[in-house]
Amino acid sequence: MNDSGVASRLALLRFLERVQVRDLARTREWIAAEERREAERRVGEERRPPPPEWLIERGLDRTNIVAVHTGECWDPGKRVRPATRAQAIEALRHQVPACSKCRPDTALGLEV
């Protein structure tokens with residue numbers, strides 16, 4: 001009777017070992033997949049173009065300019081397009097309002 005108890009206990013331990021090996025293999029697959037995702041994310045960040053320094057916000061008809069923003073503005077609106085420094089200065093000199101949150105006129109060193 002003792003021998004059959006030992007054999008069944010050993011069989012159970014072997015079964016537990018197989019389950020744990022399978023779980024470890026699955027966990028290693030999850031780790032490898034996460035490492036691939038992390039590497040892809042880093043590559044994507046490295047390849048992302050730098051944000052524009054200046055933004056020009058257009059109105060609903062897309063012909064008039066509503067405001068000038070810095071590229072780091074937290075409230076630029078939905079109809080913004082990248083702009084060069086010269087375009088931002090020209091817009092501000094033509095009485096286009098500067099964003100009151102990011103103050104591009106101050107960043108450009110203009111007194112408007």
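A residue is called buried when its relative accessible area is under 20%, exposed when it is over 50%, and partly exposed in between. The exercises below apply this and other terms to a predicted model.

**Exercise 1. Classify Gln 95 and Arg 103 by their accessibility, and say where each is found.**

Step 1. Locate the residues. Gln 95 is in the loop between helix H2 (85-93) and helix H3 (104-107). Arg 103 is also placed in the loop between H2 and H3.

Step 2. Apply the cut-offs. Gln 95 has a relative accessible area of 65%, so Gln 95 is exposed. For Arg 103 the value is 36%, so Arg 103 is partly exposed.

Step 3. Look at the backbone. Most residues other than glycine have a negative phi. Gln 95 is not a glycine, yet its phi is positive, about 70°. Arg 103 likewise is not a glycine and has a positive phi, near 50°.

**Exercise 2. Work out the strand order of the open sheet, and find which strands stand at its edges.**

Step 1. Start with the pairs. E1 and E2 run antiparallel and are joined by five bridges. Strand E1 (residues 54-58) is also paired with E3, again in the antiparallel sense, over four bridges.

Step 2. Write the order. The three strands form an open sheet in the order E2-E1-E3, with antiparallel pairing.

Step 3. Find the edges. Strand E2 (65-70) and strand E3 (80-83) each have a single partner strand, so one side of each has no neighbour in the sheet. On average, neighbouring strands of this sheet are turned by 30° against each other, direction ignored.

Step 4. Add the helix. H2 packs on the sheet and touches E1, E2 and E3. The direction of H2 makes about 50° with that of E1.

Step 5. Name some residues that face each other across the pairs. Leu 55 has His 69 as its bridge partner in E2. On the E3 side, Ile 56 has Arg 81 as its bridge partner, and Glu 57 stands opposite Val 80.

Step 6. Describe the link between E1 and E2. These two strands form a hairpin with six residues between them. Arg 62, in the turn, has a positive phi of about 65°.

**Exercise 3. List the residues of the largest nonpolar core, and state which element gives the largest share.**

Step 1. List the members. The core has 11 residues: Trp 54, Ile 56, Val 68, Ala 83, Ala 88, Ile 89, Ala 91, Leu 92, Val 96, Leu 108 and Leu 110.

Step 2. Assign the shares. E1 and H2 each supply at least two residues of this core. H2 gives the largest share, with four residues.

Step 3. Check the cover of E1. Four of the five residues of E1 are buried, and the strand is mostly covered.

Step 4. Follow one member. Leaving out residues up to four places away in sequence, Ala 83 touches Trp 54, Leu 55 and Ile 56.

**Exercise 4. Describe the surroundings of His 69, and say whether this residue is buried or exposed.**

Step 1. Place and classify the residue. His 69 is in strand E2. Its relative accessibility is 3%, so His 69 counts as buried.

Step 2. Find the polar partners. The side chain of His 69 makes a polar contact of 2.7 Å with the side chain of Glu 57. The side chain of His 69 also reaches the backbone oxygen of Pro 76, at 3.3 Å.

Step 3. Add contacts beyond four places in sequence. Among them are Trp 54, Asp 75, Val 80, Cys 99, Cys 102 and Pro 104.

**Exercise 5. Determine how many disulfides the structure holds, and examine Cys 99 and Cys 102.**

Step 1. Recall the cut-off. A disulfide needs two cysteine sulfur atoms within 2.5 Å.

Step 2. Test Cys 102. The closest cysteine sulfur to that of Cys 102 is in Cys 73, at 3.6 Å, which is too far for a bond.

Step 3. Count. The structure holds zero disulfides. Cys 99 is in none, and the nearest cysteine sulfur to its own is that of Cys 102, 3.7 Å away.

Step 4. Classify both residues. Cys 99 has 5% relative accessibility, so Cys 99 counts as buried. Cys 102, at 18%, also counts as buried.

Conventions. Residues are numbered from 1 along each chain as its sequence is written. This is a predicted model: local features need pLDDT of at least 70, side-chain atom pairs count only at pLDDT 80 or more; totals for chains, interfaces and linings use all residues. Side-chain values use heavy atoms; hydrogens and water are left out. Buried means under 20% relative accessible area, exposed over 50%, partly exposed in between (1.4 Å probe, protein chains only). Two strands pair if DSSP finds at least two bridges between them. Axes are lines fitted to C-alpha atoms, for helices over the stretch in contact, and angles run from 0 to 180 degrees between N-to-C directions. Contact means heavy atoms within 4.5 Å. A polar contact is a pair of N or O atoms within 3.5 Å; within protein, one must be able to donate a hydrogen and the other to accept it, and residues adjacent in sequence count only if both atoms are side-chain atoms. A nonpolar core is a set of buried Ala, Val, Leu, Ile, Met, Phe, Trp, Tyr and Cys residues joined through side-chain atoms within 4.5 Å.
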